[in-house]
Amino acid sequence: MKIIVCVKQVPDTSGKVAVNPDGTLNRASMAAITNPDDLNAVEAALVLKEQTGAEIIVVSMGPPPAEGMLREVMARGVDRAILVSAREFGGSDTYATSQILAAAIDTIGVEKDDIVMCGRQAIDGDTAQVGPQIAEKLGLPQVSYAAEITKDGDTITVKRMLEDGYMTIKVKTPCLITCIKELNTPRYMSVGGVFECYSKPYEIFDYNTLKDHRFIDKDTIGLSGSPTNILTSFTPPQKGAGMMLEGADKATCEKLAGIMAAKHMI
Amino acid sequence: MDFHLSKEQEMVRKMYREFAETEVKPLAEEIDEEERFPMETVEKMAKLGMMGIYFPKEYGGAGGDVLSYAMCVEELAKVCGTTAVIVSAHTSLCCAPIFEHGTEEQKKKYLPDLCSGKKIGAFGLTEPGAGTDASGQQTIAVLEGDHYVLNGTKCFITNGNVADTFVVFAMTDKSKGNRGISAFIVEKSFPGFSTGKHEKKMGIRGSSTCDLIFEDCIVPKENLLGKEGGGFKIAMQTLDGGRIGIASQALGLAEGAIQEAVKYTQERVQFKMRLSQMQNTQFQLADMECRTQAAQHLVYAAAMKKQEHGDYSKEASMAKLFAAETASDVTRRAVQLFGGYGYTREYPVERMMRDAKITEIYEGTSEVQRMVIAKYMGVK
């Protein structure tokens with residue numbers, strides 16, 4: 001059994017977001033971190049590894065410096081890493097990215113017992129599209145927004161956290177699961193893990209590795225092959241402080257209704 | 001000298017930093033106030049391999065290096081002097097002498113549990129009448145058949161109340177002076193062993209400090225560490241390594257105080273300007289930073305020399321002397337920059353100042369470090 005986890009290096013958006021004059025994100029001026037939801041996926045995989053002995057492979061698409069992030073993920077206990085990196089892949093939107101990642105995952109091979117895991121979404125684009133698109137490309141059943149995962153033989157029970165409640169789904173392997181932060185708390189790198197991570201297997205899948213794969217079509221990858229066009233990126237203006245009303249009595253409710261009526265919300 | 005950190009060292013420092021900020025800093029004030037040993041933090045550090053950083057994996061260690069260990073103590077001390085000394089005493093004073101002087105059987109028996117943090121280690125050398133003059137040991141060990149019988153009292157033992165494994169020194173032949181001192185590995189469960197009261201201290205108040213009491217304590221003969229009569233040398237070599245740990249603790253305390261002072265002086269407004277805009281503040285902080293950076297160079301140089309198996313006694317003494325006096329100076333200046341608020345427990349700098357003082361005293365006072373350095377200079 002193996003678990004393939006997709007991870008992405010993203011700019012740290014907890015500080016100020018830097019935007020280039022042409023409207024694109026100024027990634028160079030922001031610290032690079034591992035996408036937080038992806039770390040939840042890695043943690044879920046590590047927990048399953050402890051239970052089943054599964055091998056964990058992380059896959060990332062990005063420029064060569066993303067190796068540092070992949071080594072850090074291996075320092076947490078992941079067994080091997082693959083960086084999908086080529087000029088031809090640069091500038092891909094979610095549609096193009098998911099084709100390339102699906103080709104990479106298919107090249108590794110998804111067998112009957114295997115699971116593919118992704119974070120729900122990356123904090124730089126917030127699309128939540130890549131995981132589901134990979135599943136569609138690979139023809140795998142997908143379960144998104146996993147807040148709880150249990151495995152019993154080839155059956156995975158996933159508790160999905162939705163805006164209006166929970167939904168529990170049973171799915172058979174192989175499948176793809178996207179993970180949310182409520183699923184777990186990612187572990188730290190360990191000292192032993194750090195001193196081992198540079199001797200663990202690390203591979204680069206470049207254009208030549210994947211170019212003959214059936215998912216790879218030169219016209220639908222990279223910036224030119226991406227149907228999405230970004231017109232502009234900007235830091236949204238800060239919202240004003242909200243108003244909090246306390247109490248569950250009639251007077252508070254009337255006050256709330258009054259405020260909402262004044263704003264023509266009701 | 002090359003101070004280029006390896007990728008692994010950079011990465012492991014990042015991990016220590018995240019861990020210290022998230023797991024250690026939030027507890028620092030509480031464990032100081034309540035004089036409570038942070039066992040929950042030790043358990044977390046154990047899982048991450050922080051209790052056996054530079055020991056080989058075959059003995060349960062993390063397979064790291066001495067500089068990575070020093071950086072761990074440094075990063076912990078930035079936010080909590082107590083947590084830093086727990087790791088330092090355990091690693092330098094208990095794991096290290098067993099690793100460096102133990103037989104293969106002793107290493108296999110004791111190191112895996114110590115390095116994995118299942119057991120905590122401590123070191124018993126100091127006695128009420130044998131502090132800086134460690135040669136005045138009154139604890140005696142008498143060989144009786146297949147075991148030694150130990151009698152005496154050790155004091156000011158870091159980790160004393162929480163440790164399971166102790167490296168203890170006792171006189172096996174009083175007539176030989178220093179050469180009559182032997183080292184032993186003592187387990188908490190050995191008959192005749194007990195611990196005394198918890199010392200109430202000025203700083204590092206969450207760390208356990210107590211007496212070790214030996215009343216006809218039975219120690220199996222195979223728990224003699226090194227040769228009979230070789231204990232004083234083991235003690236001195238162990239303290240050389242320990243000084244790197246304490247120097248790292250002092251370094252971290254100074255760095256932590258600077259971080260707090262930079263933050264505070266950029267917020268605090270007096271005379272319609274931020275304190276950080278005043279030349280006095282800038283000059284104070286610049287001096288604090290220079291001294292602390294210099295201390296870091298000395299500490300890292302000592303750690304790297306130990307890693308290379310050179311004679312690092314002088315480097316360790318210089319690092320400890322300079323880092324400890326820097327920590328006391330920098331934390332005192334930080335309190336001054338905070339003014340009245342710095343004197344209250346609302347801010348961490350008074351704790352850092354209290355914690356810093358001990359680094360000038362334990363594991364060899366600053367005066368002892370000067371004696372060692374002068375000896376290496378050939379000054380008699």
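**Exercise 1.** In this predicted model, decide whether B:G124 is buried or exposed, and describe its surroundings.

*Solution.* Begin with the count around the residue: B:G124 has 30 other C-beta atoms within 10 Å, and because a residue is classed as buried at 20 or more such atoms, B:G124 is buried. Next, place the residue in the fold, where B:G124 belongs to strand 1 of chain B, which covers residues 121–124. Then list its contacts, leaving aside neighbours within four places in sequence: these are B:K154, B:I157, B:F166, B:V168, B:F169 and B:L212. Finally, take one of these partners, B:F166, which is 42 residues from B:G124 along the chain, although their C-alpha atoms are separated by 6.8 Å.

**Exercise 2.** Determine which residues of helix 5 of chain B are buried, and what they pack against.

*Solution.* Start with the helix itself, which runs over residues 104–115 and reaches 15 Å from its first C-alpha to its last, close to the 16 Å expected. Its buried residues are B:K107, B:Y110, B:L111, B:L114 and B:C115; they cover an arc of only 115 degrees around the axis, and therefore lie on the same side of the helix. These buried residues pack against helix 4, strand 1, strand 4 and strand 5 of chain B. After the helix comes B:G117, with a positive phi near 75 degrees.

**Exercise 3.** Characterise the side of chain A that touches chain B.

*Solution.* First count the participants: 10 residues of chain A are in contact with 15 residues of chain B. On the chain A side, helix 2 and helix 5 each give two or more residues, and helix 5 of chain A gives the most, with 4 residues. Sorted by character, the chain A side divides into 7 nonpolar, 2 polar and 1 charged.

Methods:
Residues are numbered from 1 along each chain as its sequence is written. Chains are lettered from A and ligands numbered from 1 in the order in which they are written. This is a predicted model: local features need pLDDT of at least 70, side-chain atom pairs count only at pLDDT 80 or more; totals for chains, interfaces and linings use all residues. A residue is buried if 20 or more other C-beta atoms lie within 10 Å of its own, exposed if 12 or fewer, and partly exposed in between; C-beta atoms are placed from the backbone. Two residues are in contact if their C-beta atoms, placed from the backbone, lie within 7 Å. Ala, Val, Leu, Ile, Met, Phe, Trp, Tyr, Cys and Pro count as nonpolar, Asp, Glu, Lys and Arg as charged, and the others, Gly among them, as polar. The expected span of a helix is 1.5 Å times one less than its number of residues. The arc is that of the directions from the helix axis to the C-beta atoms.
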